[in-house]
Amino acid sequence: MRQRARSIDDKQRRSEDLLVAAEAVALERGGVRFVTLAPVTERAGLHRTGVRRYYASKEELLLELAERGWQQWSAAITDRLRDSDGLGPREVALVLADTIASLPVFCDLLTHVTLSLEGDVDIERARQYKTRAFAAYDEIVAALDRASSMTVDQIQALLAAALAFAANFWQVSHPTPTLAALYEQVPEWGHVAFDFRPRLQLLLQSTAVGLAETLTAT
């Protein structure tokens, strides 16, 4: 078990260790809904009560993990768009689908942020999340605006679809043990449960093409 962090750098490292541990536990257990503090602190090498020195609650820890997900998504899009120019709607849709699909815990957290995490922390922590999430969102819009032929309005509408689709499809494609067993018994109910990325790509491309036609520049 590690000693208590003393310096600011030590505390930042412990905080990062907890985020990495929470993400690993979510991946191992099949989703954020199965994350508890005990395995997170154990993986990070801390006593289970030690987490309170860094995060007031599990919800705050997960909200920061979502915040980091926004930053990772923005960075992934920026990297993907390097040296790109004049991308069409279909290409933009694939950029969004492929980059967000590479962040499975972030996709999972998008549902939980809206349902509970934002409302289960104090107002200043919620303000921090919103500030940093919107900063990452603005970076994504700016990067896509520079690299594509789509208008800002079209990009923002497509981003709204990407977030909604990713959140919903991730939950559907990662059923609980009960639902997974049910789908084995009745396969026709579960045929959409295991094609997360292809379905996301298809519907985002279709949405992008539609937006290019219906949401024209004024």
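## The largest pocket

Twelve names make up the lining of the largest pocket: Trp-70, Leu-110, Val-113, Thr-114, Glu-118, Tyr-129, Lys-130, Ala-133, Phe-134, Tyr-137, Leu-163 and Ala-167. Helix H5 (104-117), helix H6 (123-147) and helix H7 (152-173) each give two or more residues to that lining. H6 supplies the largest share, with five residues. The volume of this pocket is about 280 Å³. The model is a predicted one.

What is the chemical make-up of the lining by class? Nine residues are nonpolar, one is polar and two are charged. Glu-118 and Lys-130 are among the lining residues.

## Overall fold

The chain has nine helices and zero strands. Its pattern along the sequence reads α-α-α-α-α-α-α-α-α. The C-alpha trace spans about 60 × 50 × 30 Å along its principal axes.

Of the 218 residues in the chain, 46% are buried. Take the contacts between residues at least 6 apart in sequence: 70% of them join residues at least 24 apart.

## Two domains

The domain assignment splits the chain into domain 1 (1-55) and domain 2 (59-214). Their centres, taken over C-alpha atoms, are separated by 25 Å. The contact between them draws on 19 residues from domain 1 and 16 residues from domain 2.

## The nonpolar core

The largest nonpolar core holds 67 residues. Which members touch the most others? They are Leu-18, Trp-70, Trp-73, Leu-96, Ile-100 and Leu-204. Helix H1 (8-29), H2, H3, helix H4 (89-101), H5, H6, H7 and helix H9 (196-214) each give two or more residues to this core. The core lies between domain 1 (1-55) and domain 2 (59-214), because both give residues to it. As a general point, nonpolar side chains in soluble globular proteins tend to be buried together.

Trp-70 has two roles here: it lines the largest pocket, and it is one of the core members that touch the most others. Ile-100 is another of those core members. Setting aside neighbours within four places in sequence, Ile-100 contacts Trp-73, Phe-106, Cys-107, Leu-110, Ala-162, Leu-163, Ala-166 and Leu-200. Two of these partners, Leu-110 and Leu-163, also appear in the pocket lining.

## Leu-109 in helix H5

Leu-109 sits in helix H5. Is it buried or exposed? Its relative accessible area is 0%, so Leu-109 is buried. Beyond residues up to four places away in sequence, Leu-109 touches Val-32, Leu-62, Leu-65, Ala-66 and Leu-117.

One of these partners, Leu-65, is 44 residues from Leu-109 in sequence. In space, the two are 8.2 Å apart, C-alpha to C-alpha.

## Two loop residues

Tyr-54 is in the loop between helix H2 (37-44) and helix H3 (58-80). This loop residue is buried, because its relative accessible area is 14% and the cut-off for buried is under 20%. Along the chain, Tyr-54 is 40 residues from Arg-14. Their C-alpha atoms are separated by 7.8 Å.

Asp-83 is in the loop between H3 and H4. Why does Asp-83 count as exposed? Its relative accessibility is 78%, and exposed means over 50%. The backbone of Asp-83 also deserves a look. Its phi is positive, about 70 degrees, although Asp-83 is not a glycine. In general, most residues other than glycine have a negative phi.

How values were computed. Residues numbered from 1 in each chain as written. Predicted model: local features only at pLDDT ≥ 70, side-chain atom pairs only at ≥ 80, totals over all residues. Heavy atoms only, no water. Helix = DSSP H or I, 4+ residues; strand = E, 2+ residues; numbered from the N terminus. Buried < 20%, exposed > 50% of the residue type's maximum accessible area, 1.4 Å probe, protein only. 1 Å grid on protein atoms, 1.4 Å probe; cavity = no way out; pocket = protein on both sides within 12 Å on 5 of 7 lines; lining within 4 Å. Points joined across faces, edges and corners; volume = space filled by probe spheres on them. Nonpolar A, V, L, I, M, F, W, Y, C, P; charged D, E, K, R; others polar. Core = buried A, V, L, I, M, F, W, Y, C linked by side-chain atoms within 4.5 Å. Domains from an automatic or database assignment. Contact = heavy atoms within 4.5 Å.
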